[in-house]
Amino acid sequence: MITSRTAPVRNASLAVTNAVFIGRSVRLSLRNAEALIMAIMLPVMLMLLFTYVFGGAIDPGGDYVNYVVPGIILLCAGFGSSSTAVDVAQDMTSGIIDRFRTMPIRSLSVIAGHVAASLARNLLATGVVIGVAFVVGFRSSAGFLEWLAAIGVIALFILALTWLFAAIGLVAGSPSAASGYGFILLFLPYLSSAFVPTTTMPGWLQGVANHQPITPVIETIRALLAGTPIGHSAWLAVVWCLGILLLALAWSLATFRRKAGRR
Amino acid sequence: MHEFAIETKGLRKAFGRQTVLDGIDLTVRAGTIFALLGPNGAGKTTLINILSTLTKPDGGSAYVAGRDVVRERDAVKRSISLTGQFAAVDDMLTAKENLRMMGRLSGFTADEARARTAELLKLFDLEASAGKLVKTYSGGMRRRLDLAVSLVADRPVLFLDEPTTGLDTVSRRALWETILQLRSRGMTIFLTTQYLEEADQLADRIAVIAGGRIVASGTAQELKSRVGEDMIELRGADDELLAVHATDGSIQDIRRTLNELAGKVPADTRISLRKPSMDDVFVALTTTRLEEAAQ
Ligand SMILES: Nc1ncnc2c1ncn2[C@@H]1O[C@H](COP(=O)(O)OP(=O)(O)OP(=O)(O)O)[C@@H](O)[C@H]1O
Ligand SMILES: [Mg+2]
């Protein structure tokens, strides 16, 4: 029976469309074994490296693990969400996007699916970082609300960064170009207060480090988990993340439309 | 039901300074198979992309199922299904998952999607590998799945961009069979091809596109009568092509042609008879156009 006996004349609702694409992206993530192992192993390796190899030199007191946990969370989040650029570029350059575009669905949901899967992957990696951190001696003074707030900030950061990578994937002409462009962003955490206080850096670098988005996000998470003073960091972090998120969304949307119209 | 499933008037499209479509007028009657024949780069894919709402035309108008492809995109999308030139299936999913995903995206419930998936896997002979990742499929299997995926939802107009390129003879014939069945169920099929034989076997009407224009259109019979029923090919001792002549295939016409050639070509020239190819039609049609222009 070529023509369907059961074919409905309904359209898929937006909710179903989103659910289907999220399910697809999660499945693709689970099947990309190398990337998944990397996403779990990287936090473990970084945690051990910074605690046992660098930690003694940076802070002989052994307290470095408490300092560095937020930095490693963001480093892993950056790494984990960068694969969104590749996934998006892959879909945009293979024929599949054309099929979705000829269907009566909101095809931008393909991208939203990748973003949702990235959020899930990276929250999992964050869980691994925190788990390993506790094993190697991390202790937190945070209560339930502080943990909740910290995870909220981390999720917002991952979301903003993932949409930024999605936009990069949309702009890039190929998956490998996407991965190349995305690489640059991964250096930002090193130029922040993630691993050493910015006061230890040369003056000109302090200027950069203090005024880039990672530093307030790190300071906010650190303040929430370790009880250091939070100052202006909290609202700066939220403003930075929301700003990046909105820009990345607008950029993604515009690029998607432009590519759709031009082909 | 509209009389014409597809109707275009003066359709134009340029990429930068390169004009790809330069005023395309065509009509496709509902429930028929229409073949667009043209060489590489003729603009076949571009035309399909415009008709399936992927690309905006620069000028002219196009209606599919009675709706304007630019102003009523969403309505057009509800009436069409596209199998692009390159397989558009998800390599990291299985055939079953691909089909179910399309079912859900076409508004089926989970149960309906499952039932439809089973139907199509059987129909396209993909049951044995339904659970394998598509990246392990052969080109032919991938193409079959690709077509199955476009048939998940029941749309009245189907676009097929070079559906049989890269298929072996058996798969090609099986696909032709499927396409003919689709027509018998009332579907309108717009396909592109580089093979005259394919257009000949399948299409109710054929249009030849070259230089951004439709240079000829009609039934397969009408087009071939403009080229000749058969072609006589003359090859030299090293198998190099010396000349091609059109003939109606009768003994008397072949004898006449050979008599004319006697003395003009070496005695060891070999001759063979074959059916007109896309190239022959193309050459014949473009030269008649030039002759018409010269008069
Ligand atoms: N997005 C694009 N940007 C620029 N040029 C394009 C674009 N798409 C197609 N072209 C050009 O338009 C011309 C027609 O391309 P098209 O793909 O429509 O041809 P076709 O008839 O489908 O060819 P083929 O048989 O090789 O598939 C080609 O010269 C191609 O280079
Ligand atoms: Mg083409």
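## Close-up views of a predicted complex

**View 1. The magnesium site in chain B, where B:Gln85 is partly exposed, with a relative accessible area of 27%.** The model shown here and in the views that follow is predicted. Which residues coordinate the magnesium ion, ligand 2? The ion is coordinated by OG1 of B:Thr45 and by OE1 of B:Gln85, at 1.8 to 2.2 Å. These two residues link distant parts of the chain, being 40 residues apart: B:Thr45 belongs to helix H1 (residues 44-51) of chain B, whereas B:Gln85 sits in the loop between strand S6 (80-83) and helix H3 (95-105) of that chain. B:Thr45 is also partly exposed, its relative accessible area being 28%, and a residue counts as buried only under 20%, so neither value reaches that class.

**View 2. The surroundings of ligand 1 in chain B.** Ligand 1 is surrounded by 14 residues, and the closest of them are B:Gln18, B:Gly41, B:Lys44, B:Thr45 and B:Thr46. B:Thr45, listed here beside ligand 1, is also one of the residues that coordinate the magnesium ion. Two of the polar contacts to ligand 1 come from the backbone: a backbone N or O atom of B:Gly41 lies 2.8 Å from an oxygen atom of the ligand, and a polar backbone atom of B:Gly43 is 2.9 Å from an oxygen atom of the ligand. A side chain takes part as well, since a polar side-chain atom of B:Glu162 is placed 2.9 Å from an oxygen atom of ligand 1.

**View 3. Helix H4 (residues 110-123) of chain B and the helices it packs against.** How far apart are the end C-alpha atoms of this helix, and what span should its 14 residues have? At 1.5 Å a residue, and counting one less than the number of residues, the helix should span 20 Å, and its end C-alpha atoms are indeed 20 Å apart, so the two values agree. The residues of H4(B) that are buried are B:Glu112, B:Ala113, B:Arg116, B:Thr117, B:Glu119, B:Leu120 and B:Leu121. An α-helix has 3.6 residues a turn, so residues three or four places apart point the same way. The buried residues of H4(B) pack against H3 and against helix H5 (139-150) of chain B. Just after H4(B), the chain passes through B:Asp125, which takes a positive phi of about 55 degrees.

**View 4. B:Phe282 in helix H10 (residues 278-294) of chain B.** With a relative accessibility of 24%, B:Phe282 counts as partly exposed. Leaving out residues up to four places away in sequence, B:Phe282 touches B:Pro39 and B:Ala210. By contrast with these contacts, B:Lys122 is 160 residues from B:Phe282 in sequence and 39 Å from it in space, C-alpha to C-alpha.

**View 5. Three buried residues of helix H5 (residues 109-135) in chain A: A:Ser109, A:Gly113 and A:His114.** A:Ser109 has a relative accessibility of 0% and so counts as buried. Apart from its neighbours within four places in sequence, A:Ser109 is in contact with A:Leu14, A:Thr17, A:Asn18 and A:Phe21. A:Gly113 is likewise buried, at 0%, and, with residues up to four places away in sequence not counted, it touches A:Phe21, A:Ile22 and A:Ser25. A:Phe21 is therefore a contact of A:Ser109 and of A:Gly113, both of them buried. A:His114 is buried with a relative accessible area of 5%, and, under the same exclusion, its contacts are A:Arg24, A:Ser25, A:Leu28, A:Thr84, A:Asp87, A:Val88 and A:Asp91. Elsewhere in chain A, the C-alpha atom of A:Trp204 is separated by 40 Å from that of A:Gly113, the two residues being 91 apart along the chain.

**View 6. Chain B as a whole, and the confidence of the prediction.** Chain B holds ten helices and 13 strands, and its C-alpha trace spans about 75 × 45 × 35 Å along the principal axes. Of its 295 residues, 49% are buried, and among contacts between residues at least 6 apart in sequence, 65% join residues at least 24 apart. The average pLDDT is 88 for chain B, where 96% of the residues score at least 70, and 86 for chain A, where the share is 94%. Within chain A, confidence is lowest in helix H7 (residues 175-185), at a mean of 80, and highest in helix H1 (residues 14-31), at 94. For the complex, the predictor gives an ipTM of 0.84 and a pTM of 0.85.

Technical notes: Residues are numbered from 1 along each chain as its sequence is written. Chains are lettered from A and ligands numbered from 1 in the order in which they are written. Side-chain values use heavy atoms; hydrogens and water are left out. Donors are N, O and S atoms within 2.8 Å of the metal (3.2 Å for Na, K and Ca); water is not among the atoms, so sites may look incomplete. Helices (H or I, at least four residues) and strands (E, at least two) are DSSP runs, numbered from the N terminus. Buried means under 20% relative accessible area, exposed over 50%, partly exposed in between (1.4 Å probe, protein chains only). Contact means heavy atoms within 4.5 Å. pLDDT is the predictor's confidence in each residue, from 0 to 100. A residue is near a molecule or strand if one of its heavy atoms lies within 4 Å of it. A polar contact is a pair of N or O atoms within 3.5 Å; within protein, one must be able to donate a hydrogen and the other to accept it, and residues adjacent in sequence count only if both atoms are side-chain atoms.
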